[in-house]
Amino acid sequence: MTAPAGPSSTSSPAIKICGLNRPDMIRTAIEAGATHLGFVHFAPSPRHVDHADLARLADGLPRGGPAKVLLTVDADWPVLDAAVDALGPDLLQLHGHETPERIDAVRSRYRLPVIKAAGIADAADIAALKPLAATADLLLLDARPPRDATRPGGLGQAFDWRLLSGAEFAAAIGQTPWWLAGGLTPATVADAITRTRPQGVDVSSGVESAPGVKDPAAIRAFVSAARAAFDLKT
Ligand SMILES: O=C(O)c1ccccc1NCC(=O)[C@H](O)[C@H](O)COP(=O)(O)O
């Protein structure tokens with residue numbers, strides 16, 4: 001699947017700040033040079049943004065700025081329809097147990113590129129990427145959440161990046177672009193990029209002072225470190 005160039009492009013280095021829920025933090029992320037802004041629409045999350053706030057936050061965004069990513073978890077059509085309508089996203093991030101068939105259906109319904117998040121803890125998770133990589137426009141590789149987790153992401157947990165260096169990973173991912181997530185911080189993101197060579201990085205907890213509360217200094221430090229590691233002009 002090849003997405004068009006522009007805000008929904010999946011081909012240039014990406015730095016996504018996820019779990020944004022306040023205009024001032026959005027401004028900080030944009031000024032720092034983030035390429036993607038993530039909005040979580042999942043009620044159990046401390047970063048949940050409801051329909052009214054999705055619309056308000058979208059209204060305040062500059063034209064031609066970073067891409068808006070709507071994150072949902074196993075959402076049904078009415079929930080997705082309302083959230084897409086409120087935010088007007090450029091990309092959709094599916095962070096639950098969505099199947100390849102569901103990914104296709106979501107892409108067709110909204111005519112938007114689909115990012116599929118996949119939890120990684122061991123080699124079996126790498127093998128399981130193949131059908132998702134064959135369908136999604138982009139994969140977001142995150143730590144597999146513990147069984148008793150109350151949400152499937154935004155947990156600040158890293159996984160073993162060595163799983164991304166073998167032939168098994170290359171075979172499973174094919175040509176599909178992928179972003180690295182899971183426990184990244186301003187201190188680790190450059191090393192993560194150098195070691196794993198993703199097309200993008202994604203952070204939430206690592207730029208927060210408490211769950212759901214973004215830290216502007218940490219956002220700036222994260223984006224600056226990631227831009228330098230990707231060799232993006234400042
Ligand atoms: O942020 C949440 O609360 C959340 C809830 C449900 C599904 C996904 C969620 N967040 C995903 C992300 O913020 C990131 O895409 C990714 O998981 C990295 O998060 P972190 O390890 O906290 O940096």
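**Figure 1. The whole chain has the radius of gyration you'd expect from a compact globule.** For 234 residues, a compact globule would come out near 17 Å, and the protein chain in this predicted model has 16 Å, so the two agree. If you drew a box around the C-alpha atoms along the principal axes, it would be roughly 45 × 40 × 40 Å. Inside that box you can count nine helices and ten strands. Of the 234 residues, 45% count as buried. Now look at contacts between residues at least 6 apart in sequence: 58% of them join residues at least 24 apart.

**Figure 2. Here helix α2 meets helix α3.** Two packed helices are described by the angle between their axes and the distance between the axes. For α2 (residues 51-59) and α3 (residues 77-87), the axes come within 7 Å and cross at roughly 25 degrees. Angles under 35 degrees count as roughly parallel, so that's the label for α2 and α3. Which residues make the contact? On the α2 side they are His51, Leu54, Ala55 and Ala58, and α3 brings Ala82, Ala83, Ala86 and Leu87. Sort the residues of this contact by type and you get seven nonpolar, one polar and no charged.

**Figure 3. This view zooms in on the residues around the ligand.** There are 27 residues in this shell, and Ser45, Gly153, Gly154, Ser204 and Ser205 come nearest to the ligand. Which elements give two or more residues to the shell? They are β6 (138-143) and β8 (200-203). The shell is a mixed crowd, with eleven nonpolar, twelve polar and four charged residues.

**Figure 4. Arg111 has a positive phi.** Most residues other than glycine have a negative phi. Arg111 is not a glycine, yet its phi is about 50 degrees. To find Arg111, look in the loop between α4 (100-110) and β5 (114-120). Is Arg111 buried or exposed? Arg111 has 7 other C-beta atoms within 10 Å, and a residue with 12 or fewer counts as exposed, so Arg111 is exposed.

**Figure 5. Arg197 is another arginine with a positive phi.** The phi of Arg197 is about 55 degrees, although this residue isn't a glycine either. Arg197 sits in the loop between α8 (189-196) and β8, and you've already met β8 as one of the elements in the shell around the ligand. With 11 C-beta neighbours inside 10 Å, Arg197 counts as exposed too.

Methods:
Residues numbered from 1 in each chain as written. Predicted model: local features only at pLDDT ≥ 70, side-chain atom pairs only at ≥ 80, totals over all residues. Helix = DSSP H or I, 4+ residues; strand = E, 2+ residues; numbered from the N terminus. Rg over C-alpha atoms; globule rule 2.2 N^0.38 Å. Buried ≥ 20, exposed ≤ 12 C-beta atoms within 10 Å, placed from the backbone. Contact = placed C-beta atoms within 7 Å. Axes fitted to C-alpha atoms, helices over the stretch in contact; angles between N-to-C directions. Parallel < 35°, antiparallel > 145°, perpendicular 65-115°, else oblique. Nonpolar A, V, L, I, M, F, W, Y, C, P; charged D, E, K, R; others polar. Near = placed C-beta within 6 Å.
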